[in-house]
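Biologist: I have not read a model like this before. Could you take me through it, feature by feature?

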Amino acid sequence: MPARREVPNFDRKAMIHHRQRAGLTQAELGEQIHAANDAVSRLERGVTPITARVLRSVAEVLRVTPAQLQHPLTAPPTLTNLRELRALTRAELAQRLRITPQRLEWWEAGALGAQEETGELLAANLGIGAGSIATFERTGALPVPIRTRLALALRVRPRLVQAAFAASRHAHRTQRAAAA
């Protein structure tokens, strides 16, 4: 199975547009992002997948956001979408949040932890109160400390994090039901 692309929604036409608008040649952009001579050409032709790090560099040079170099979303964003729009890998966001990439993978799937982590164990592992876990289990509302940490790390509003978490849960449940 091929590796998952770090930036699956990369829009090479948007990159071409913004590069031309900035008045840069492919070689000039390549030089500014410290890439090989033909790297920008390969990215713009879709020959080479772009990494999150390179996308952030290109966006910085072109003075746009990483999201402006990606296709618009056609559905409500999931946590994975929010991370990708910021051009962050799972490992990079996990590091910002001071959690393991596995924990972030669970969050991106709409869960707080492994199935065997419940109640007080989950609360202890997340460093939050057991009441927050009970509220989550009853309502699906992401605990405020987690929602706030994600919002700060992704530079979005907490309300968007909650909506994205709900979309992540729904998408994961839909995928599991389709696979069954």
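Biologist: By class, how many nonpolar, polar and charged residues are in the lining of the second largest pocket?

Modeller: One thing before that: this is a predicted model. To read a lining, sort its residues by class. Here the lining of the second largest pocket has 2 nonpolar, 5 polar and 3 charged residues. The pocket's volume is about 270 Å³. Its lining is made of 10 residues, and T78, T80, E108, A171 and Q175 are the closest to its centre.

Biologist: Which element gives the largest share of that lining?

Modeller: α11 does, with 4 residues.

Biologist: How much space lies in the largest pocket?

Modeller: About 450 Å³. The residues that line the largest pocket number 17, and G110, A111, G113, Q115 and R176 are the closest to its centre. Two elements appear when you ask for two or more lining residues: α9 (130–139) and α11 (158–179). Of the elements, α11 gives the most, with 4 residues. Sorted by class, the lining holds 7 nonpolar, 5 polar and 5 charged residues.

Biologist: Let us step back to the whole chain. How many helices and strands does it have?

Modeller: The secondary structure comes to 11 helices and 0 strands. For overall dimensions, look along the principal axes. The C-alpha trace spans about 55 × 35 × 25 Å. The chain has 180 residues, and 40% of them count as buried.

Biologist: What share of the contacts joins residues 24 or more positions apart?

Modeller: Leave out pairs that are close in sequence. Among contacts with a separation of 6 or more, residues 24 or more positions apart account for 57%.

Biologist: Now α11. How do I read a helix's length?

Modeller: Set its reach against the expected span. α11 has 22 residues and reaches 31 Å from first C-alpha to last, close to the expected 32 Å.

Biologist: Which residues of α11 are buried?

Modeller: Start with the general idea. An α-helix has 3.6 residues a turn, so residues three or four places apart point the same way. In α11, the buried residues are V161, Q162, A164, F165, A167, S168 and R169. Their cover includes α5, α7, α9 and α10.

Biologist: Which residues touch the most other members of the largest nonpolar core?

Modeller: In a core, look for the residues that touch many others. This core has 25 residues, and those touching the most other members are L79, L97, W107, L112, L126, I146 and L150. Elements giving two or more residues include α5 (79–85), α8 (119–126) and α10 (144–154). α10 gives the most to this core, with 5 residues.

Biologist: What does I146 touch, beyond residues up to four places away in sequence?

Modeller: I146 touches W107, L112, L126 and I128. Another core lies apart from that one. It has 18 residues, including L24, A59, L69 and A87.

Biologist: Last topic: backbone angles. Where does H34 lie?

Modeller: Check the sign of phi, then the place in the chain. H34 is in the loop between α2 (26–32) and α3 (39–45). Its phi is positive, about 60°, although H34 is not a glycine.

Biologist: Why does H34 count as exposed?

Modeller: The cut-off is over 50% relative accessible area. H34 counts as exposed because its relative accessibility is 76%.

Biologist: And where is R98 found?

Modeller: R98 is in the loop between α6 and α7. Phi of R98 is positive too, near 60°, in a residue other than glycine. R98 is exposed, with a relative accessible area of 75%.

Note on methods:
Residues are numbered from 1 along each chain as its sequence is written. This is a predicted model: local features need pLDDT of at least 70, side-chain atom pairs count only at pLDDT 80 or more; totals for chains, interfaces and linings use all residues. Side-chain values use heavy atoms; hydrogens and water are left out. On a 1 Å grid over the protein atoms alone, a cavity is a set of points where a 1.4 Å probe fits but cannot get out, and a pocket is an open set with protein on both sides within 12 Å along at least five of seven lines; lining residues have an atom within 4 Å of a point. Grid points are joined across faces, edges and corners, and a volume is the space filled by probe spheres set on the points. Ala, Val, Leu, Ile, Met, Phe, Trp, Tyr, Cys and Pro count as nonpolar, Asp, Glu, Lys and Arg as charged, and the others, Gly among them, as polar. A nonpolar core is a set of buried Ala, Val, Leu, Ile, Met, Phe, Trp, Tyr and Cys residues joined through side-chain atoms within 4.5 Å. Buried means under 20% relative accessible area, exposed over 50%, partly exposed in between (1.4 Å probe, protein chains only). Contact means heavy atoms within 4.5 Å. The expected span of a helix is 1.5 Å times one less than its number of residues.
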